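I opened a fresh page for this one and went through it piece by piece. Here is what I looked up, in the order I got to it.

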Amino acid sequence: MSNQVIILGVDPGTKITGFGVIRIEGHQYVPVDYGCIRPPSHYKLSERYLVICQGVEQLIDQHQPHAVVVETQYVSKNVQSAMKLGMARGVIMIAAKKRGIPIYEYAPSKAKLAVVGTGRASKYQVQGMVQRLLNLSIPPTPEDAADALALAICHAQMPTLKQSQYET
């Protein structure tokens, strides 16, 4: 049995999907991997969704996370953007569900609150605090990757997170 928990955070987008993988070791958060999935901009939306799905599947296969954390959808006035983002979230969830991995969702403000202490933190503040919490030499870039790491940290801080439920 392992006492390490691996969490994959995902900040969905049709142009840039940020990801961040952390490992919980005791009371420490250890960065494992982070970056972005960037479907080519000339791809049709359906092709971009496939690239996102395949990228998340590769991350899951590579890191074997115990949980996948996805940012909830921010609904703005642009219904088309909300629909596209919702579909990106959907392919991420399908990739996780196909492998039997639990999915958790948090609003951007909740992730910011968990990492910075305020739900209205700037992208710059999130990057800086993620850097400190994970002992990184530089702030994680791009911002989408920092947001994904913040989501993973947010889930790691949840009182309902019982490491025993994730033991392998």
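**Entry 1: L134 and its neighbours**

I started with L134 and asked what it touches, leaving out residues up to four places away in sequence. In this predicted model, L134 is in contact with I22, Y29, V30, P31, L149 and I153.

Next I looked up the largest nonpolar core, which has 22 residues. L134 is one of the residues there that touch the most other members, along with I7, I22, Y29, V130 and I153. Which elements give two or more residues to this core? I noted β1, β2, α3 (108-116), α4 (123-133) and α5 (143-156). The largest share comes from α5, with seven residues.

There is another core, apart from that one, with 20 residues. Its members include V10, I60, A96 and I101.

**Entry 2: α5 and the loop before it**

Since α5 gives the core its largest share, I checked the helix itself. α5 has 14 residues, and 13 of them are buried, so I wrote it down as mostly covered, with buried meaning under 20% relative accessible area. From its first C-alpha to its last, α5 reaches 20 Å, close to the 20 Å expected at 1.5 Å a residue.

Then I went through the loop between α4 and α5, where I found two things to write down. P142 sits in this loop, and the peptide bond leading to it from T141 is cis, with omega near -5 degrees. N135 is in the loop between α4 and α5 as well. Its phi is positive, near 55 degrees, though N135 is not a glycine. Is N135 buried or exposed? It is exposed, with a relative accessible area of 63%.

**Entry 3: α1 and what follows**

I moved on to α1 (45-63). Its 19 residues should span 27 Å at 1.5 Å a residue, and its end C-alpha atoms are 27 Å apart, so the two agree.

Which residues of α1 are buried? My list reads R48, Y49, I52, C53, G55, V56, E57, L59, I60 and H63. I60 is also one of the members of the 20-residue core. The cover over the buried residues of α1 includes β1, β2, β3, β4 and α2.

Right after α1 comes Q64, in the loop between α1 and β4. Q64 is not a glycine, yet its phi is positive, at about 50 degrees. I checked its surroundings too: Q64 is exposed, with a relative accessible area of 51%.

**Entry 4: α2 from end to end**

Helix α2 runs over residues 79-98, 20 residues in total. It reaches 28 Å from its first C-alpha to its last, close to the 28 Å expected at 1.5 Å a residue.

What caps its N-terminal end? It is N78, with a side-chain oxygen 3.1 Å from the backbone nitrogen of Q80. Just past the other end, G100 takes a positive phi of about 75 degrees.

The buried residues I noted in α2 are A82, A88, R89, V91, I92, A95 and A96. A96 turns up among the members of the 20-residue core as well. Among the elements covering the buried residues of α2 are β1 (5-11), β2 (17-25), α1, β4 (67-71) and β5 (103-106).

**Entry 5: the largest pocket**

I looked for empty space next. The largest pocket holds about 350 Å³. How many residues line it? There are 15, and P12, G13, T14, S81 and L85 lie nearest its centre. α2 supplies the largest share of the lining, four residues.

**Entry 6: two loop residues and their partners**

T14, which I had just met in the pocket lining, came up again with P40. P40 and T14 are 26 residues apart in sequence and 9.8 Å apart in space, C-alpha to C-alpha. P40 belongs to the loop between β3 (28-37) and α1, and at 29% relative accessibility it counts as partly exposed.

I finished with A107, in the loop between β5 and α3. A107 is partly exposed, with a relative accessible area of 29%. From C-alpha to C-alpha, A107 and T72 are 4.9 Å apart in space, with their places 35 residues apart in sequence.

Notes
Residues are numbered from 1 along each chain as its sequence is written. This is a predicted model: local features need pLDDT of at least 70, side-chain atom pairs count only at pLDDT 80 or more; totals for chains, interfaces and linings use all residues. Side-chain values use heavy atoms; hydrogens and water are left out. The expected span of a helix is 1.5 Å times one less than its number of residues. Buried means under 20% relative accessible area, exposed over 50%, partly exposed in between (1.4 Å probe, protein chains only). Contact means heavy atoms within 4.5 Å. A polar contact is a pair of N or O atoms within 3.5 Å; within protein, one must be able to donate a hydrogen and the other to accept it, and residues adjacent in sequence count only if both atoms are side-chain atoms. A nonpolar core is a set of buried Ala, Val, Leu, Ile, Met, Phe, Trp, Tyr and Cys residues joined through side-chain atoms within 4.5 Å. On a 1 Å grid over the protein atoms alone, a cavity is a set of points where a 1.4 Å probe fits but cannot get out, and a pocket is an open set with protein on both sides within 12 Å along at least five of seven lines; lining residues have an atom within 4 Å of a point. Grid points are joined across faces, edges and corners, and a volume is the space filled by probe spheres set on the points.
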